[in-house]
Amino acid sequence: GKTEHSFILCRGGLAERLCRLQNRERSAISFWRHQCISDNTPSDKSGVLIVKILEIFEECTIQVAICQQLEQSPVTLSPEDAAINAEEPVLKVLFTRETAAHLKSRPQDVIHIYPPWQKLLLQNADVPVIMNTYFSQKVLLSEHSEAREKTYGLTKMLIRKNIISLAQTFRLDDPDDKLHQEPSDNQVACAPQIPNNGDSKQHPLALNAVNDSLLEMVESQGAVGWRELQVRVVIQRVYCLPAREGCRSHTQGNKPLLSNGGMFCRLCLLVQDAYGMFSEVQLQSLSSTDDSEQYCRRWEGKSCCLAGMKILQRTTRGRALGLFSLIDSLWPPAVPLKVPGQSQDSEMMTTNLPPPSFCYILTVQSGEIHVEVDEEEQISNLYQPPAVHGLKEILRIDGCNRRCSFWAQVLYRRLQTKHNVPIDQRDILFFVTDSTLQNAVPGIPKVVAVSVTASCVLSMETGEALSSGSQLVFFKDALWGNGRIICVERTVLLLQKPLLCSAAGADLSELTGPVRLDELDSTTQANSICALRGTVVGVNESTAFSWPICDRCGNGKLELCPQDRELLYCTQCSEVVTTPVLKMQLEVFLSCPSRSQSTVKVKVWHDIRVALFVLLTMLLFLQTYEVQSVLGKEVGLLNCFVHSVTSHPNSVALEEIALL
């Protein structure tokens, strides 16, 4: 068996033998370095290659040092005597990443390379290449150099990196698509150039072009990231993810809030390169989620250049189902992709590629943000706007974990009750509808529930608008599966229509006339809303109660007036309440033709505007008044939330609600 990170090697196979060889090699190098530290310098000098570094750059994770070979060790020589001599041969010395990290070499350093180093003579190349440089040691020339070493040790040297694509390696570049060779202003050479005299050679500078491959950039720069180099991508989606340092609170009173000083979400970009590779770029934390909506309008569909990035994680489909469900909704690409290692002529491009199986999560280097978006540029052809569907069409989609986008009218919202779960971590149920459901034939629900999880970041503007009343909301990239619509991470709720979206022939006409709910019947399920009609056949008197509220502000905590104990006083309005509203709650049992075999229990609310004398009389004889006033009463279409539906016993528990 095997996993992502560990493999069981076949006994006696080539891989096992190679693994043992590498382990022995690492042990030998470690032992040799330990011996060098103990003895200060190896005693055996035979076969030692002595070189002086002139220039350093990195290519394909290998550190390349352009060096001058020295005939003898310059330990006893002065810096003037050890100066560069054009007569001496020039070598190109290759160091692995581990060896380079150990040496921490800089230009002008002298390196002793011990056997078994090897010299490689390349065809059509004048400079020999030195390989197998694992046993190398840096030599300090003098006290001046030692002081210089201590000073340089405090600063990290920037190594220029050459990006060599596979197309360049196999010479498959288009003649009209050559990369520029000139160095940029921010790409300062980390070593003095070899003097242009005698037979000295000019050495290539790093390619100062914007790369178009995320994978090439990641593989060439490694996990430490890249700073001075850029990669060009297209922004497919902009969204917010919950940040670790904060959490979301749905409501406080009637208003949504941001917890932990407002810093609870992180702006993220889902980007795609010309080869179809995706990456999620996590940018800075936002003080307000409303900022994310403006970034969404300004940036989505535009090309941008990324720099100053580092790899946070390499994730796979099995580890990040939510991320890959969004990636799958953007596949296949809208235009033909470039193919690594092939000519980039249009006839060689193909879209017959499997969807990506992995994705790199990138983040900015500490204190640096380099995302250059040309907002004046045209929308990229690679961009795929959200495909908007009607709710009726979404309910017919096969499969699960499918992303969908739709317009819907929010009719009612309810915070789901979960024991031992904080309020800010509970899901919200939005009950929504659109014209495709309201005009649908019987058998299609007129209202569907959308579950908004705590991981779905809502903007302040959206939360406040939904608190104040019914709203037309755009649900972008919601998740559909197993008969449910869920808003999860990377789902965005907007009050405004996005600048770009694909309707795909869907009926997106606005609602006209009153909204209709499905009536209670045998198919009604728990955690849904419905319309109810029937006759009151009983009242649960033990649970009936009522209380007065202020007729002006709705305050339910009225007090006796300090000046006149026979009057009620509202502390919020600071005024006497002469005509309070009697708020009554009853649990009644109904006989419903649509569910004649079920016990239907409904918690109903009733408001009566009464004079104070009548109120006091009703409070004295509350239960008798309530029972006799409602028994046998025909109940019209009540809008209700269904708490539970059970078969043993056959009963339905509902609660009267008011739609937004």
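Biologist: I am starting at Cys-60; in which loop is this residue found?

Modeller: Cys-60 is found in the loop between β1 (49–59) and β2 (62–70). Those labels are DSSP runs numbered from the N terminus: helices are H or I with at least four residues, strands are E with at least two. Residues are numbered from 1 along each chain as its sequence is written. This is a predicted model, where local features need pLDDT of at least 70, side-chain atom pairs count only at pLDDT 80 or more, and totals for chains, interfaces and linings use all residues, while side-chain values use heavy atoms, with hydrogens and water left out.

Biologist: How many helices and strands does the protein have?

Modeller: There are 12 helices and 32 strands.

Biologist: Back to Cys-60: what is its phi value?

Modeller: Phi of Cys-60 is near 55°, which is positive in a residue other than glycine. Arg-490 is another non-glycine residue with positive phi, near 80°.

Biologist: How do I read accessibility, and what is the relative accessible area of Cys-60?

Modeller: A residue is buried under 20% relative accessible area, exposed over 50% and partly exposed in between, using a 1.4 Å probe and protein chains only. Cys-60 has 47%, so it is partly exposed. Arg-490 has 10% and therefore counts as buried. Across the 660 residues of the protein, 45% are buried.

Biologist: Where is Arg-490, and which side chain does it join through a polar contact?

Modeller: Arg-490 sits in the loop between β22 (484–487) and β23. A polar contact is a pair of N or O atoms within 3.5 Å; within protein, one must be able to donate a hydrogen and the other to accept it, and residues adjacent in sequence count only if both atoms are side-chain atoms. Here the side chains of Arg-490 and Glu-280 are joined by one of 2.7 Å. Contact in general means heavy atoms within 4.5 Å. Beyond its neighbours within four places in sequence, Arg-490 is in contact with residues including Tyr-239, Leu-323, Arg-403 and Asp-477.

Biologist: Asp-427 caught my eye as well; is it buried or exposed?

Modeller: Asp-427 counts as buried because its relative accessibility is 13%. Asp-427 belongs to the loop between β18 (402–415) and β19 (428–433). A polar atom of the Asp-427 side chain lies 3.5 Å from the backbone nitrogen of Ala-454. Apart from neighbours within four places in sequence, the contacts of Asp-427 include Arg-414, Lys-418, Ser-451 and Thr-453.

Biologist: Now a strand: what should I look at in β30 (residues 599–609)?

Modeller: Try two of its residues. Val-600 is in this strand, and so is Lys-603. Val-600 is buried because its relative accessible area is 0%, whereas Lys-603, at 27%, is partly exposed.

Biologist: Which residues does Val-600 touch?

Modeller: Not counting residues up to four places away in sequence, Val-600 touches Leu-520, Leu-532, Phe-589 and Val-652, among others. For Lys-603, counted the same way, Gln-585, Glu-587 and Glu-655 are among the residues touched. Sequence distance can mislead: Val-600 and Gly-534 are 66 residues apart in sequence, with their C-alpha atoms 9.4 Å apart in space. Lys-603 and Ile-657 are 54 residues apart in sequence, and their C-alpha atoms are 9.4 Å apart. Of the contacts in the protein between residues at least 6 apart in sequence, 71% join residues at least 24 apart.

Biologist: What about peptide bonds: which residues does the cis bond with omega near 10° join?

Modeller: That cis bond runs from Pro-115 to Pro-116, and Pro-116 lies in the loop between β4 (110–113) and β5 (118–120). Trp-331 and Pro-332 are also joined by a cis peptide bond, with omega about 5°. Pro-332 is in the loop between α7 (321–329) and β16 (358–364).

Biologist: Finally, how many cavities of 30 Å³ or more are there?

Modeller: Rolling a probe the size of a water molecule over the atoms shows where empty space is left. A cavity is a set of points, on a 1 Å grid over the protein atoms alone, where a 1.4 Å probe fits but cannot get out; lining residues have an atom within 4 Å of a point. Points are joined across faces, edges and corners, and a volume is the space filled by probe spheres set on them. This structure holds 3 cavities of 30 Å³ or more, and the largest has a volume of about 130 Å³. It is lined by 18 residues, of which Cys-240, Ser-292, Val-457, Thr-491 and Val-492 are the closest to its centre.

Biologist: Which elements each supply at least two residues of that lining?

Modeller: They are β9 (231–242), α6 (290–299) and β23 (492–494).

Notes
1 Å grid on protein atoms, 1.4 Å probe; cavity = no way out; pocket = protein on both sides within 12 Å on 5 of 7 lines; lining within 4 Å.
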